[in-house]
Number of protein chains: 4
Amino acid sequence: MCAPIFQPVPYRAEVHIVSHEQINQHLTNWTERESTAEAMIPLIGRLYRKNNVVTSVYGRSIINQSVIGIIRAHRYVRQVEDSELSVHDTMPILEALDRLELGTAHIDIGKLGVKYRDQGGSESVEDFLKREIAPVVGKYGEESKKNEGNGTKDVVLYGFGRIGRLLARIMIEKAGGGNNLRLRAIVVRQGGAENDLEKRASLLRRDSVHGPFNGTITVDEENSAIIANGNFIKVIYSDGPDKVDYTSYGIDNAIVIDNTGKWRDEEGLGLHLKSKGVSRVILTAPGKGDIKNIVYGINNDWITDEDKILSAASCTTNAITPVLKAIYDEYGIVDGHVETVHSYTNDQNLIDNYHKGSRRGRSAPLNMVITETGAAKAVSKALPELKGKLSGNAIRVPTPNVSMAILNLNLEKDVSVESVNEYLREMALHSELQKQIDFVNSPEVVSTDFVGSRHAGVVDAQATIANGKRLILYVWYDNEFGYSAQVVRVVNQMAGVTYPIFPKRTRD
Amino acid sequence: MCAPIFQPVPYRAEVHIVSHEQINQHLTNWTERESTAEAMIPLIGRLYRKNNVVTSVYGRSIINQSVIGIIRAHRYVRQVEDSELSVHDTMPILEALDRLELGTAHIDIGKLGVKYRDQGGSESVEDFLKREIAPVVGKYGEESKKNEGNGTKDVVLYGFGRIGRLLARIMIEKAGGGNNLRLRAIVVRQGGAENDLEKRASLLRRDSVHGPFNGTITVDEENSAIIANGNFIKVIYSDGPDKVDYTSYGIDNAIVIDNTGKWRDEEGLGLHLKSKGVSRVILTAPGKGDIKNIVYGINNDWITDEDKILSAASCTTNAITPVLKAIYDEYGIVDGHVETVHSYTNDQNLIDNYHKGSRRGRSAPLNMVITETGAAKAVSKALPELKGKLSGNAIRVPTPNVSMAILNLNLEKDVSVESVNEYLREMALHSELQKQIDFVNSPEVVSTDFVGSRHAGVVDAQATIANGKRLILYVWYDNEFGYSAQVVRVVNQMAGVTYPIFPKRTRD
Amino acid sequence: MCAPIFQPVPYRAEVHIVSHEQINQHLTNWTERESTAEAMIPLIGRLYRKNNVVTSVYGRSIINQSVIGIIRAHRYVRQVEDSELSVHDTMPILEALDRLELGTAHIDIGKLGVKYRDQGGSESVEDFLKREIAPVVGKYGEESKKNEGNGTKDVVLYGFGRIGRLLARIMIEKAGGGNNLRLRAIVVRQGGAENDLEKRASLLRRDSVHGPFNGTITVDEENSAIIANGNFIKVIYSDGPDKVDYTSYGIDNAIVIDNTGKWRDEEGLGLHLKSKGVSRVILTAPGKGDIKNIVYGINNDWITDEDKILSAASCTTNAITPVLKAIYDEYGIVDGHVETVHSYTNDQNLIDNYHKGSRRGRSAPLNMVITETGAAKAVSKALPELKGKLSGNAIRVPTPNVSMAILNLNLEKDVSVESVNEYLREMALHSELQKQIDFVNSPEVVSTDFVGSRHAGVVDAQATIANGKRLILYVWYDNEFGYSAQVVRVVNQMAGVTYPIFPKRTRD
Amino acid sequence: MCAPIFQPVPYRAEVHIVSHEQINQHLTNWTERESTAEAMIPLIGRLYRKNNVVTSVYGRSIINQSVIGIIRAHRYVRQVEDSELSVHDTMPILEALDRLELGTAHIDIGKLGVKYRDQGGSESVEDFLKREIAPVVGKYGEESKKNEGNGTKDVVLYGFGRIGRLLARIMIEKAGGGNNLRLRAIVVRQGGAENDLEKRASLLRRDSVHGPFNGTITVDEENSAIIANGNFIKVIYSDGPDKVDYTSYGIDNAIVIDNTGKWRDEEGLGLHLKSKGVSRVILTAPGKGDIKNIVYGINNDWITDEDKILSAASCTTNAITPVLKAIYDEYGIVDGHVETVHSYTNDQNLIDNYHKGSRRGRSAPLNMVITETGAAKAVSKALPELKGKLSGNAIRVPTPNVSMAILNLNLEKDVSVESVNEYLREMALHSELQKQIDFVNSPEVVSTDFVGSRHAGVVDAQATIANGKRLILYVWYDNEFGYSAQVVRVVNQMAGVTYPIFPKRTRD
């Protein structure tokens, strides 16, 4: 059963002759698009930095992208809509936006471009836009006056492990806009190395899984700080969450993101609030007791000003809850089981050694390891409709990142592979869960293809199994990066950093 | 969420004083048991070679075991029965067996020892045995006359890949008995190396997963043969299944085990029957068309003398069908889904490259890879009661061996974790599926612990999830070794090599 | 010897107070640089596409880079020169270049920017440039007339394995300029899959090691072609190198890059020349017999118009020869041994199985595997001065990419760690081997950090050992990507695609 | 360069006909040998337990071996001597030994068997033995009286990591003899799990690299002990080396093996001596300051009664020093460099994270990691002749166990591959370094083949490179098991557990 079979295959008859002109036309089209995309870059940058306008193409951010990145974002549309989209469609949109003295907003120029094209008529782009994004047109002056000095929100990373460093990467990347989160400090224990600060910087700079930091990092030994893409980040050494006076570093009213996993309840996390300069705390792990577990896109509107301590739930809960909500809304869920095939994490051992938890002491790179997980049960903390309906378990396997959740569901209605895939594709493109659910339809994708995915989860359409009322869905997720992106979304909401979004993300 | 938590734990007060005598008693007991086990070894060997009697302890073979292996086989009983079993219980049984001039049989001296002890009475061991194993007592002379020259069955391995080499290891190991399979030849293509024969021998001798061959291997260049533990195995170079005259090597009426996976239907596998000296063919992969797929323990009694071509199904089908049958018999199965988390196999690529199949071309050591599998559907070929009830899928992960099947079932009756585990423990110990189903109840086991398992599947009791009529079972299996053991069982039956078994394997 | 030691470390006294203004200044500087870099992008693109001018910053290409990529290229200078370099220094250079109607050239705006700044005087940028790059100033019109229709060279990939696909990625990336290589076709065997063409495209699109293709790929089933970033690439199915009529696809006078490894001598590779439309052949493996083995940077000037068949040597030979030449030139080499710790390649097996070569059949992801290599001996084919002086060997280890060569040398002169490192740093920055030798000086780098490196080899300065006349150097290399970049350099020279380079790459 | 080449190879003409009788003869010979080996087992066991006589065959221990293990030990001789050796040669030796009422000894029945056979004459086996092993003949009664109660030495494992557990496995295995080390306790920190004791036992019972424990393990919760093959091992929870009163557990005059790596100097390790019941301490890591670093076989005769604290050096120093000594003695060493390609250890991280040491924080399963090592320099602590002559470095690679040292040497004399290999083969068989140096001559061996090797290092003869006065040797070692075996040898010497060895291990 081992040797691959070789079967001779007859020649494919070659009939079509492609002329030199046709061949050259392909390349000319491409270089014209490159040229246009190059011209977009200063516009995109100016809108971002001056107007605090984040532009995107069908949910794909185009801030700080290369020319090819911009073209790819347009090309993606073809996979998901019937029509093509080109930079020639979106360039006029961008140019007009640049003239409209906009206030803060998230604007999808891809969707606007398609809409403008589809309406076909004689309306000018500028008139079209004045109608579509009316609330923010001409708001630039007013806002920029208001924001002087107070447009940003201080954030502190307590702990600087794998999630902590990815949160740093995301916040640094988004720091260019005016009204945003500012990563002001990271708090760690002295690690014992002479060159501790340089080591922290190095861990941010290079990553065996996610590759090099996108930007430049310098170490300011004198001030115990890391400067990353212009972000001055104080490195504070401390032995306890309640022992830091953040105000002495000019940090105030800060949100602390506790990514140590050391404390999970109100008492432990509450220690942060005793440190001067802290206003709110968020835990990057499931919280215990009455702490709200927030899955962005699902229950983030539960957050009130009174919530001083929140949890962003676990990576797996974030990956599965949006898809489960989508299925629940459309098909109803009787019950189900979620099995996750999960990459190893630093909590496990390299080779067999003592570990407090069951099986986790056994060598992670050498074994499949069954681990209990509360991720499926925790879904109901964000989506109470599913309370008592789901069981869950996880198998850790020897990959360093990206995991897969297998949703094995008994539904209330009949379901077919085609209909559920089409429904989820729609959700990925046009719903309010657009940032949470991604959709892939390829017979060749494997786990490493999802490294760096910023969605909470990605539905693998080719793997879907459906029969009667039974449905099995396969959801990939970058358990590090996708989760970190979700955490930053929650922190943004905690910080009151909200944007009007154009066009609105809903299914029609 | 990364740093493991350290919590100071108070000293455990030490109160019990253990005397030197107690300590020494432990070691003395052990050395006495060693001494007894040493004395058992010549008896076990003689019964095997002279009488063709295979002895075991609760299903664990004790042939060719070390002293410690024999003690461990006894100790295993403690995990599964309420009582202890010691070599002091089984030694008298063995000694008596040695005197009874037995004919061919499989005799579980562990179960007999417990039974004799439990009946407590004054009956002599010999009288007890004469009753328990009456059919074979005194049959030695009669059989040995009958078997002269015709007790064995010629077997040929067509292909010598991973399964082929493990089949060779198992058949060589069992060649010592009188009435058995004889591996007479392996058929391969010339591989292009100068020292081709030495390379074939080396692959049998050393294995990165299963360790060194248990015995000695020499190469007979002159006769193009490998001699392994006294088995003279001809290496035949051929370019096609129908091109060998086996009789020219003194091989006749042979069973050919096709482990190339190249042909799966009657037409292709039928080619073997055109080679002189072949009587029957078995495929170590799922067969196509009308070929019977045999899972030993389930439907091996479907084999008739007319079946010239059989399939031993796939490793996964072998792993899950016995457990599914057990559950079906006791609880009924409405429907279900089988997800296997599977080690990579040589069919995949080391790094991304072309592959005929979907996703299988992507790097196996770096990825989780979704692969379709017919293993769940194929269950009904051996167990028709489940026809149309199961779906299945597989995720290949970066481990080289041992896989896990997750049976996600909707049952007809309510089920609890305790009852289903207790039921499966019983099946593993006392049923006719004893060799197919193993049972483990440990909070620390992981996949590498099952390398070398000879059961078709091992139920991981600690992972079982049950709720109402929903049941999720986790079944480990050595997809190489466990499957190979099942194949050999089928070949034995094809060869008419059957044994009376004492005591009978049934649940009371 | 296992538990890491925890030692409490005293608090680092915090004395420096950093003002809000200082902190904001960092970010403002950054966003100003972003803004400038954004404005550079259309200039860089226009110079490339219109003038065929490739711009770089200290050897780092800035074509098709993102804003941050451009800033990073500038930042790199700080690591290697004493001075800083900013986009504010290079922007005026770029603007002037855009006005000078340049002809084809490679221009390092980083080095020119530093030189202009260093000379300090009152000369205008334009006057400075007219002197520095005089030969190409004003040549645009003349060239563009000449090049009409004949500026490019057809290239065919015979085979499409790992090296083949990376060659494709590099040639596609560089196709934007006017006078360049054009990847016109790939030739493969029918692989047996229904969707063969889609599979080829998918392998180009996604890679488990190198990540996604930077651009967009579509499949033109009708014309059996892949269109990648506007490059129309015919996929030709063939069973032999001498059986293709390339001219029937409009391909002529083509260079065939044989990346199958199937033929290594003049006779075998000569078959390609029998196919209509082929003018020259290059092998991406060591050639046998009299075939010239070219290591770009070392002996590429040996190529004459008469050479119809060339070899680009092996990845390891490419990695070590430049460093060996540098050392030989400065210190003399008595003798030495090169040990390479090498990533596995697709030539090995996933799990133990037959392989023609010694040890290579054993499982690659599970083992260290000693493999003989001719890479050290082959150095003398490009650098005859070292004939008979080097031995070599390789250990394959379980990483998928990036390797390390350890040069263990007995020199003719005394050497110290500082002097040799300083010398090699200079070579990496300012010599004619700038593209071949890279230099890293970090205490934290590991193999994955070098994935995607386009240098033939990277000296790890922190690992250098020197004592008397003994020197041990550690050279990292991306055995896939770095080698492919070297191959493309050779193909460019074969194609007569040469550029004047400004400023000239030499050590002063 | 990727696709393996397939070349048709002509059929090998089959000429030799092997008769049925010849084939059967092979198997009959084998079963006769099995039968003899079975009869040996009770003799081997009795000699061991009663007489404290350890028997071996050319250095391979046959204690507690299976039948096949015993035959393999004999077969090994063929690889290394010109002659064959069979159990028929050694059985008479064993039978005679059993009658001679021996005192404590290590007796190589393989070498004695060959010697007896070679002398050919008419001397009886018993007479032969009385001469060869005269000093211990008839000493049984005398010794057994003397040893009553005081023949063993208490040993305590401080720490229970990977090395600690392998030390436990070896000591338990050897506990059967009368006069030996007794593992009385292991000392650990409370690990935080409810079932801490069960977890410690489980780690001893199962290992992902070395497989299951060879024997039976039970947990005695009441007495906080693990009972392994009859060895009662107290588990003591403690927070410091100076805080245990061992005498309260009946342990006295004990040797403490510190395998934590936490303390490496006299002050730190001296803390153990403050605990009541401790007489000596040995560190399983390189010691600092004046602590003697002992490599068994090299400088173990430096140990005096005054040495209260010793170090067993590192695994790499143990692997290379014996081979270096052998080469130094025969060829002289001018200078050299030792590069080790080393498996990862638990000191590294699973995925990138903070680590005090350079590069060690980067993901171990994903990277080649350069790590400094003092192993080469430390050679001179055991072998002062090499002081100042060696440099060294290490590359950690993604394998979990077994490493390779590459000795790159400039010698004083000329050397050839054949002569140095023959010399090292001799050293492996007949010298006083027989237990330290092993020798393998196979074109197919890879790292996993050496898992479980008990030699300090294994010379890979096929890899040896020699040219003039330059020599490159490749030495495999199980960095866990081989090292642990060396440590136990040192502890035996510290305990005064010495044996007369017959025949003496020297080269003639």
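These legends go with a set of close-up views of a predicted model.

**View 1. Helices H4 and H5 of chain A pack against each other at an angle of about 120°.**
H4(A) covers residues 109–119 and H5(A) covers residues 125–132, and their axes sit 11 Å apart. Since an angle over 115 but not over 145 falls outside the perpendicular and antiparallel ranges, the two helices are oblique to each other. The crossing of H4(A) and H5(A) is right-handed. On the H4(A) side, look for Leu112(A), Lys115(A), Tyr116(A) and Gln119(A). They meet Val125(A), Phe128(A), Leu129(A), Arg131(A) and Glu132(A) of H5(A). Sorted by class, the contact of H4(A) with H5(A) comes out as 5 nonpolar, 1 polar and 3 charged residues.

**View 2. Helices H4 and H5 of chain C also pack at about 120°.**
Here H4(C) (residues 109–119) and H5(C) (residues 125–132) have their axes 11 Å apart. That angle makes H4(C) oblique to H5(C), and the crossing is right-handed. From H4(C), the contact takes Leu112(C), Lys115(C), Tyr116(C) and Gln119(C). H5(C) brings Val125(C), Phe128(C), Leu129(C), Arg131(C) and Glu132(C). The class count for the contact of H4(C) with H5(C) is 5 nonpolar, 1 polar and 3 charged.

**View 3. Helices H7 and H8 of chain A cross at roughly 70°.**
The axes of H7(A) (residues 162–173) and H8(A) (residues 196–205) come within 9 Å. With that crossing angle, H7(A) and H8(A) are roughly perpendicular to each other. Arg165(A), Ala168(A), Arg169(A) and Ile172(A) are the H7(A) residues to pick out. Their partners in H8(A) are Leu203(A), Leu204(A) and Arg205(A). By class, the contact of H7(A) with H8(A) has 4 nonpolar and 3 charged residues, with no polar ones.

**View 4. Chain A meets chain B across an interface with 6 salt bridges.**
Chain A puts 62 residues into the contact, and chain B puts in 61. Between them the two chains bury about 4900 Å², with 56% of that on carbon and sulfur atoms. Side chains of opposite charge can pair when their charged atoms come close. One pair to zoom in on is Arg359(B) with Asp460(A), a salt bridge at 2.7 Å, N to O. Another is Arg470(A) with Asp335(B), where the closest N and O atoms are 3.5 Å apart. Arg470(A) is in strand S20 (residues 470–477) of chain A and Asp335(B) is in strand S13 (residues 333–343) of chain B, so this pair joins two chains. Over all chains, the structure holds 106 salt bridges.

**View 5. Chain B meets chain D, burying about 6600 Å².**
Carbon and sulfur atoms give 53% of that buried area. The contact draws on 71 residues from chain B and 72 residues from chain D. There are 7 salt bridges across the interface of chain B and chain D. Arg49(B) and Glu38(D) meet through their side chains in a salt bridge, 2.9 Å from N to O.

**View 6. Lys325 of chain B sits in helix H10.**
H10 of chain B spans residues 315–331. Setting aside neighbours within four places in sequence, Lys325(B) touches Ile298(B) and Leu383(B). To get your bearings for the next view, Val402(B) is 77 residues away from Lys325(B) in sequence and 22 Å away in space, C-alpha to C-alpha.

**View 7. Val402 of chain B has a positive phi.**
The value is near 80°, in a residue other than glycine. Most residues other than glycine have a negative phi. Val402(B) lies in the loop between strand S15 (390–397) and strand S16 (403–411) of chain B.

**View 8. Cis peptide bonds lead into Pro503 in chain A and in chain D.**
Most peptide bonds are trans. In chain A, the bond from Phe502(A) to Pro503(A) is cis, with omega near -15°. Pro503(A) falls in the segment after strand S21 (501–502) of chain A. In chain D, Phe502(D) and Pro503(D) are joined by a cis peptide bond with omega about -15°. Pro503(D) is in the segment after strand S21 (501–502) of chain D.

Methods. Residues are numbered from 1 along each chain as its sequence is written. Chains are lettered from A and ligands numbered from 1 in the order in which they are written. Side-chain values use heavy atoms; hydrogens and water are left out. Axes are lines fitted to C-alpha atoms, for helices over the stretch in contact, and angles run from 0 to 180 degrees between N-to-C directions. Helices (H or I, at least four residues) and strands (E, at least two) are DSSP runs, numbered from the N terminus. Angles under 35 degrees count as roughly parallel, over 145 as roughly antiparallel, 65 to 115 as roughly perpendicular and the rest as oblique. A crossing is left-handed if the near helix is turned anticlockwise from the far one by less than a right angle, and right-handed if clockwise. Contact means heavy atoms within 4.5 Å. Ala, Val, Leu, Ile, Met, Phe, Trp, Tyr, Cys and Pro count as nonpolar, Asp, Glu, Lys and Arg as charged, and the others, Gly among them, as polar. Buried area is the accessible area (1.4 Å probe) that two parts lose on being put together, summed over both. A salt bridge is a side-chain nitrogen of Lys or Arg within 4 Å of a carboxyl oxygen of Asp or Glu.
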